[in-house]
Amino acid sequence: MRILLLGLTGYGNPVLRTLLATGHEVVAVLTRQEEGPFPYYSERNLAQEAREAGIVVHESPSLADSALLATLRSQPPDVVLLASYHEKVPARIVNLATRASLGVHPALLPEGRGATPTTWTLVDGKTRTGVSVYQLTPIPFEGAVYRQRSIEVAP
């Protein structure tokens, strides 16, 4: 499948690696420009990793780039996949997909919506967390949840 990945350094890296390892074509990676090394844990810069894999990268504080949208509209992806992002995804991006627009979120939705849910899992002393795959919509976390996997939080 042809996939447009919206992701950030950290959570986006293993998603990118998994897509490539399973034979999908990542047509572009949309991310933000990082000021330096990823500040929370050891991970390569997502833009650099994608470029090294021969993938077009768009680093911007906004998804408003009309040239990028024109290119994606002329050859639309099968799937738009969000794996951690720093802004709401507008309908013009969500609706690019010819098959599905999905999000992968490191929490069991509908609980754990929003940024850094893994941190809040620990702060709140929860004993279970997980990952959810959900329908991406212009309103964050309003789409149907398709799959979830729960895991125990170690002491």
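**Figure 1. Arg44 and its salt bridge to Glu52 in the predicted model.** Let us start with Arg44, which is partly exposed at a relative accessible area of 36%. In this predicted model, Arg44 pairs with Glu52 in a salt bridge whose closest N and O atoms lie 2.2 Å apart. Glu52 itself is exposed, and its relative accessible area is 52%. That value counts as exposed because the cut-off is over 50%. Arg44 also appears among the residues in contact with Glu49, the subject of the next view.

**Figure 2. Glu49, a buried residue in helix 2.** Is Glu49 buried or exposed? With a relative accessible area of 10%, Glu49 is buried, since the limit for that label is under 20%. Glu49 sits in helix 2, which covers residues 46-52. Two side-chain polar contacts are worth a look here. One joins Glu49 to Asn13 at 2.8 Å, and another links the Glu49 side chain to that of Arg17 at 2.7 Å. Once neighbours within four places in sequence are set aside, the residues in contact with Glu49 are Asn13, Leu16, Arg17, Glu43 and Arg44.

**Figure 3. Glu59 with Arg51.** This view shows a salt bridge between Glu59 and Arg51, with 3.0 Å between the closest N and O atoms. How exposed are the two partners? Glu59 is partly exposed at a relative accessible area of 26%. Arg51 is partly exposed as well, with a value of 44%.

**Figure 4. Lys126 and Glu111, a salt bridge between two loops.** The side chains of Lys126 and Glu111 meet at 2.4 Å, N to O. Lys126 belongs to the loop between helix 5 and strand 6, while Glu111 belongs to the loop between strand 5 and helix 5, so this pair ties together parts that are 15 residues apart in sequence. Lys126 counts as partly exposed at 30% relative accessibility, and Glu111 also counts as partly exposed, at 47%. Elsewhere, salt bridges with shared partners join Arg17, Glu43 and Glu49 into one network. How many salt bridges are there by this rule? The count comes to seven. As general background, side chains of opposite charge can pair when their charged atoms come close.

**Figure 5. The largest pocket and its lining.** This pocket holds about 820 Å³ of space. Its lining is made up of 31 residues, and those closest to the pocket centre are Ser84, Tyr85, Ala115, Thr116 and Pro117. Which elements give two or more residues to this lining? They are strand 5 (100-105) and helix 5 (117-123). Helix 5 provides the largest share, three residues. Sorted by class, the lining has 18 nonpolar, 10 polar and three charged residues.

**Figure 6. The second largest pocket and the strands around it.** Here the space comes to about 180 Å³. The lining consists of Leu102, Val104, Val131, Ser132, Val133, Tyr146, Arg147, Gln148 and Arg149. Strand 5, strand 6 (128-135) and strand 7 (145-152) are the elements that give two or more residues to this lining. Which strand gives the most? Strand 7 does, with four residues. By class, five lining residues are nonpolar, two are polar and two are charged.

**Figure 7. Leu102 in strand 5.** Leu102, one of the residues lining the second largest pocket, is found in strand 5. With neighbours within four places in sequence left aside, Leu102 is in contact with Val79, Val80, Leu81, Leu82, Tyr134, Leu136 and Tyr146. Tyr146 is another residue of that same pocket lining. For a distance across the chain, try Leu102 and Val145: they are 43 residues apart along the chain, and their C-alpha atoms are separated by 9.5 Å.

**Figure 8. Pro76 in the loop between helix 3 and strand 4.** The final view settles on Pro76, whose loop runs between helix 3 (66-74) and strand 4 (79-83). Pro76 is partly exposed, with a relative accessible area of 30%. Which residues does Pro76 touch, not counting those up to four places away in sequence? They are Arg2, Leu96 and Thr98. Val27 lies 49 residues from Pro76 in sequence, yet the C-alpha to C-alpha distance in space is 9.1 Å.

Note on methods: Residues numbered from 1 in each chain as written. Predicted model: local features only at pLDDT ≥ 70, side-chain atom pairs only at ≥ 80, totals over all residues. Heavy atoms only, no water. Buried < 20%, exposed > 50% of the residue type's maximum accessible area, 1.4 Å probe, protein only. Polar contact = N/O pair within 3.5 Å; in protein donor to acceptor, adjacent residues only side chain to side chain. Contact = heavy atoms within 4.5 Å. 1 Å grid on protein atoms, 1.4 Å probe; cavity = no way out; pocket = protein on both sides within 12 Å on 5 of 7 lines; lining within 4 Å. Points joined across faces, edges and corners; volume = space filled by probe spheres on them. Nonpolar A, V, L, I, M, F, W, Y, C, P; charged D, E, K, R; others polar. Salt bridge = Lys/Arg side-chain N within 4 Å of Asp/Glu carboxyl O.
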